[in-house]
Amino acid sequence: MTVSEPRRDRRSTGGRPRVVVLGTGGTIASSADSATQLHDYRVTAGVEDMFTAIPELHALADLRAVNLLQLDSHAIDSAALLTIARRVAKELADPEVDGLIVTHGTDTLEETAYFLNLVLKSTKPVVVVGAMRPASALSADGPLNLYNAVRVALAPAAHGKGVLVVMNDRLFAARDVAKAHTTAVEAFEAAEEGCLGRIACGGIHLFHAPLRLHTAATSFSLDRLAELPMADIIFDHQGAGIHHYHAAIDAGARGIVLAATGNGSLSPSARLGAELAARAGVAFVRSSRVGRGIVTPSFDDETLGMVAAGSLNPQKARILLMLALTQSHELHHLRSCFERY
Ligand SMILES: NC(=O)C[C@H](N)C(=O)O
């Protein structure tokens, strides 16, 4: 279902816009033993605790808290991903809901954001937000990130832009953004594509709009997704072995994403791995471990039946590959997904 227009008569919100804040855990919901401890913290807070820390939020909108998960994002698996996506879709289908925020750990935030960007069928703003410092820290970044996320969700310009990520005063398209720093509050980048906009002194300044197909314009639908197929990422390097490919194929992977060197070049073992995958009917995608740039198609793609990931990093290529495999294993289908999304 495509949800496009917010409802005009707001009987239960007294005329105020309604924003759902859906909590999944992460540092934004964590605390440590002291204000100076910026590591080794635990998820402790629910969404209401975040509201308590930012009383100014209530002036912006009628807020609804949904405590869905309390996980660090490195613990999110395919089942949790589907749980998040289904709940987001359910909330967006409510005509009284104008926008939705997902609070999330930053380690795998880009994977969830890209997945939502591909499967949600709504033009309402969805903003994924996290924090690099726990809520208990000196200069915690979560409260302002969340406040900014709600402001973005309420901005008319955020409609129809796909899933957005707000971190440290910047606004990104879910497809383009990636975590690029282990500890800094300026942890997220969209190196080649750039951020979509900036939040400055209370204003939301949008510079670009995403061009790749997203949300209502994709062929993916949660209604038809019972589960996600298994896909593994294998990291290539000097002296790499073949055992990872055997292990992935034997374990039942339906797809392998190679975090290849450079512009998707294959070590001798990776080449052998691609041949094994082709023989076993396992899809093989070449992405790059470099972190910037595009993996371009090569002659080898034809001989070994591989797909070039374009500008998707390995973890995002895996998300798209899993979704594409739910529709077809055909090479032309997989390639067309990587060209369109
Ligand atoms: N900054 C963070 O959110 C990291 C965190 N541990 C996570 O859940 O990904």
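The crossing of α4 and α9 is right-handed, and that is a good place to start a tour of this predicted model. Helix α4 takes part in a second pairing too, with α3, where the axes are 10 Å apart. Elsewhere, α6 and α7 have axes that come within 9 Å, and a ligand has residues such as G26 and D72 around it.

**Helix α4 with helix α9**
- Helix α9 covers residues 314–325, and its axis comes within 9 Å of that of α4, with a crossing of roughly 35 degrees.
- From α4, the residues in this contact are E110, E111, Y114, F115, L118 and V119.
- Their partners in α9 are Q315, K316, R318, I319, L320 and L323.
- Sorted by class, this contact holds 7 nonpolar residues, 4 charged ones and 1 polar one.

**Helix α4 with helix α3**
- Helix α3 spans residues 78–92 and α4 spans residues 109–119; the two pack at an angle of about 50 degrees.
- That angle falls outside the ranges for roughly parallel, antiparallel or perpendicular, so α3 and α4 are oblique to each other.
- The handedness here is right-handed, with α3 passing α4.
- On the α3 side, L81, L82, I84 and A85 make the contact, and on the α4 side T112, F115, L116 and V119 do.
- The class count for this contact of α3 with α4 is 7 nonpolar, 1 polar and no charged residues.
- F115 and V119 of α4 are worth a look in the viewer, as both appear in the contact with α3 and in the contact with α9.

**Helix α6 with helix α7**
- Helix α6 (residues 243–250) and helix α7 (residues 268–280) cross at roughly 20 degrees.
- Angles under 35 degrees count as roughly parallel, which is why α6 is described as roughly parallel to α7.
- This crossing, in which α6 passes α7, is right-handed.
- Helix α6 brings Y245, H246 and I249 to the contact, while α7 brings S269, A270, G273, L276, A277 and A280.
- There are 6 nonpolar and 3 polar residues in the contact of α6 with α7, and no charged ones.

**Around the ligand**
- The residues around the ligand are G26, T27, D72, S73, H74, G105, T106, D107, A131 and M132.
- D72 places a polar side-chain atom 3.2 Å from an oxygen atom of the ligand.
- D107 uses its backbone instead: an N or O atom there lies 2.9 Å from a ligand oxygen atom.
- For A131, a polar backbone atom is 2.9 Å from a nitrogen atom of the ligand.

Methods: Residues are numbered from 1 along each chain as its sequence is written. This is a predicted model: local features need pLDDT of at least 70, side-chain atom pairs count only at pLDDT 80 or more; totals for chains, interfaces and linings use all residues. Side-chain values use heavy atoms; hydrogens and water are left out. Axes are lines fitted to C-alpha atoms, for helices over the stretch in contact, and angles run from 0 to 180 degrees between N-to-C directions. Helices (H or I, at least four residues) and strands (E, at least two) are DSSP runs, numbered from the N terminus. Angles under 35 degrees count as roughly parallel, over 145 as roughly antiparallel, 65 to 115 as roughly perpendicular and the rest as oblique. A crossing is left-handed if the near helix is turned anticlockwise from the far one by less than a right angle, and right-handed if clockwise. Contact means heavy atoms within 4.5 Å. Ala, Val, Leu, Ile, Met, Phe, Trp, Tyr, Cys and Pro count as nonpolar, Asp, Glu, Lys and Arg as charged, and the others, Gly among them, as polar. A residue is near a molecule or strand if one of its heavy atoms lies within 4 Å of it. A polar contact is a pair of N or O atoms within 3.5 Å; within protein, one must be able to donate a hydrogen and the other to accept it, and residues adjacent in sequence count only if both atoms are side-chain atoms.
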